[in-house]
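Work through the exercises below with the sequence and the model open. Each task is followed by a solution in steps.

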Amino acid sequence: MTQKCAVITGITGQDGAYLAQLLIEKNYRVVGIVRRSSHFGVATHRLDWIGVADRVELVDGDLLDLGGLCRILREYKPDEVYNLAAQSFVKTSWDQPTLTAQATGVGVVNMLEAVRLECPQAHFYQASSSEMYGLIQEAEQSETTPFYPRSPYAVAKLMGHWMTVNYRESFGLFACSGILFNHESPLRGLEFVTRKVTDAVARIKLGKADELAMGNIDAKRDWGHARDYVRAMWMMLQHDTPDDYVVATGRTVTVRDMIQVAFDHVGLDASKYVRIDPQFFRPAEVDVLLGDPSKARNTLGWEAKTTMEAMIREMVDADIQRHGGHL
Ligand code: NDP
Ligand code: GDR
């Protein structure tokens, strides 16, 4: 059988690392598009951590540079293209709305154009987001729930989502949009709430910190594990027909309860360390997210395997080890 080739944008991020690992296990040739930086080398620490840095091919490219994207796709002629790159931190999107619109919104158009021009047979995955639901209009969000984005990030993601649907319907591309709810792992960026908590809990346990400053801990999220969610991305592109899918656990938990799980795991009392700090509140909040993954389960046979509790414990343990502690 000939080896399949996949191009991944955002390969240096959390999902990029887990997806690269999954595809390498499946014997794909994996090509990752990385942004040029003035720092020496590429930020491959996540790929190193997961053990695939020497198994992926990295090429320079940026979502904002259509010509470069076209040249990469022309050269590699991939079977599958996963567009994971984005300015992905919601809070930053209010400080950098234009950049977010460009990378997270227009960047998707560039990728779709590059695929249409250079490898129209390729199966395309777009990393859409539950943030597009924003101001919730249905208790459980499915593929048919109306969108009401509440941040520049979510508005940009909505553009990418509808462009993906539009290119599928207009040009017949095999283009799928995965509406993924929050997913985390030991490779999550430190600015996101789960990793901020697990890193702080590890440092507090080791005597290297004495408090955890938080924003709105009443927000509720449907949290799953990135390892499970990249499997859903791959399954979408193996299906007979392209479509859009919600990927979620079907359970929602407050930030407060997630914090509790992390402190309980190391035997500390959360109330002694958590402080509320207004700087971490957002200009507009998404109060609650709860996904209905029925379509992904029934059509793709996908299910989340990892509970929020197991994931948070795994993250705390990984952070304790990173900070030099022993389990
Ligand atoms: P990360 O923030 O960890 O990774 C983002 C990646 O995008 C990085 O590799 C980054 O590169 C790259 N990137 C940013 N801007 C550009 C650009 N202009 N050109 C090329 N590459 C760029 O995100 P995650 O792995 O968590 O998420 C992956 C995708 O899924 C994102 O699109 C995110 O918005 C979306 N998503 C994530 C969810 C989650 O809970 N994790 C849920 C739903 C959607 P660099 O290393 O150089 O910064
Ligand atoms: P989110 O993730 O905005 O849902 O976007 P994040 O982990 O940043 O926030 C989740 C919720 O926690 C509340 N919160 C805090 N958040 C952060 N980061 N720091 C804090 O101190 C803090 N205190 C409370 C937030 O207000 C929010 O309600 C993530 C990203 O990965 C997006 O790219 C992705 O599309 C969505 O998940 C689905």
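**Exercise 1: A core residue**

Task: find which residues Phe124 is in contact with, leaving aside its neighbours within four places in sequence.

Solution. Step 1: take two residues as in contact if their C-beta atoms, placed from the backbone, lie within 7 Å. Step 2: with neighbours within four places in sequence left out, the contacts of Phe124 are Val81, Val115, Leu173, Phe174, Ala175 and Cys176. Step 3: place Phe124 in the largest nonpolar core, which has 72 residues; Phe124 is there among the members that touch the most others, together with Ile8, Leu19, Ala20, Val115 and Val247. A nonpolar core is a set of buried Ala, Val, Leu, Ile, Met, Phe, Trp, Tyr and Cys residues joined through C-beta atoms within 7 Å. Buried means 20 or more other C-beta atoms within 10 Å of the residue's own, exposed means 12 or fewer, and partly exposed lies in between, with C-beta atoms placed from the backbone. Step 4: helix H8 (residues 226–238) contributes the most to this core, 8 residues. Another core, of 19 residues, lies apart from it and includes Met258, Met308, Met311 and Ile320.

The model is predicted: local features need pLDDT of at least 70 and side-chain atom pairs count only at pLDDT 80 or more, while totals for chains, interfaces and linings use all residues. Residues are numbered from 1 along each chain as its sequence is written, and chains are lettered from A and ligands numbered from 1 in the order in which they are written.

**Exercise 2: The protein chain as a whole**

Task: compare the radius of gyration of the protein chain with that of a compact globule.

Solution. Step 1: the radius of gyration is taken over C-alpha atoms, and the globule rule is 2.2 Å times the number of residues to the power 0.38. Step 2: for 327 residues the rule gives a value near 20 Å, and the protein chain has 19 Å, so the two agree. Step 3: along the principal axes, the C-alpha atoms fill a box of roughly 60 × 45 × 40 Å. Step 4: 48% of the 327 residues are buried. Of the contacts with a separation of 6 or more, 80% join residues 24 or more positions apart. Step 5: the secondary structure comes to 11 helices and 13 strands; these are DSSP runs numbered from the N terminus, helices being H or I with at least four residues and strands E with at least two.

**Exercise 3: Helix H1**

Task: is helix H1 largely enclosed or largely open?

Solution. Step 1: H1 covers residues 14–25, and its first and last C-alpha atoms are 17 Å apart, close to the 16 Å expected. The expected span is 1.5 Å times one less than the number of residues. Step 2: the buried residues of H1 are Gln14, Asp15, Gly16, Ala17, Tyr18, Leu19, Ala20, Gln21 and Leu23. Step 3: because 9 of its 12 residues are buried, H1 is largely enclosed by the rest of the structure. Step 4: the cover includes strand E1 (5–9), strand E2 (29–34), helix H2 (45–50), strand E4 (80–83) and H8.

Step 5: look past the helix end. Asn27 is in the loop between H1 and E2 and has a positive phi of about 70° although it is not a glycine. Asn27 counts as exposed because it has 9 C-beta neighbours inside 10 Å.

**Exercise 4: The shell around ligand 1**

Task: which element gives the most residues to the shell around ligand 1?

Solution. Step 1: a residue is near a molecule if its C-beta atom, placed from the backbone, lies within 6 Å of it. Step 2: 25 residues surround ligand 1, and the closest are Gly10, Gly13, Ala85, Ala86 and Ala127. Step 3: H1, helix H5 (97–118) and strand E5 (123–129) each give two or more residues; H1 gives the most, with 3. Step 4: by type, the shell has 9 nonpolar, 13 polar and 3 charged residues. Here Ala, Val, Leu, Ile, Met, Phe, Trp, Tyr, Cys and Pro count as nonpolar, Asp, Glu, Lys and Arg as charged, and the others, Gly among them, as polar.

Step 5: take Gly13, in the loop between E1 and H1. Gly13 is buried, since 22 C-beta neighbours lie inside 10 Å. Its C-alpha atom is 7.2 Å from that of Arg46, 33 residues away along the chain.
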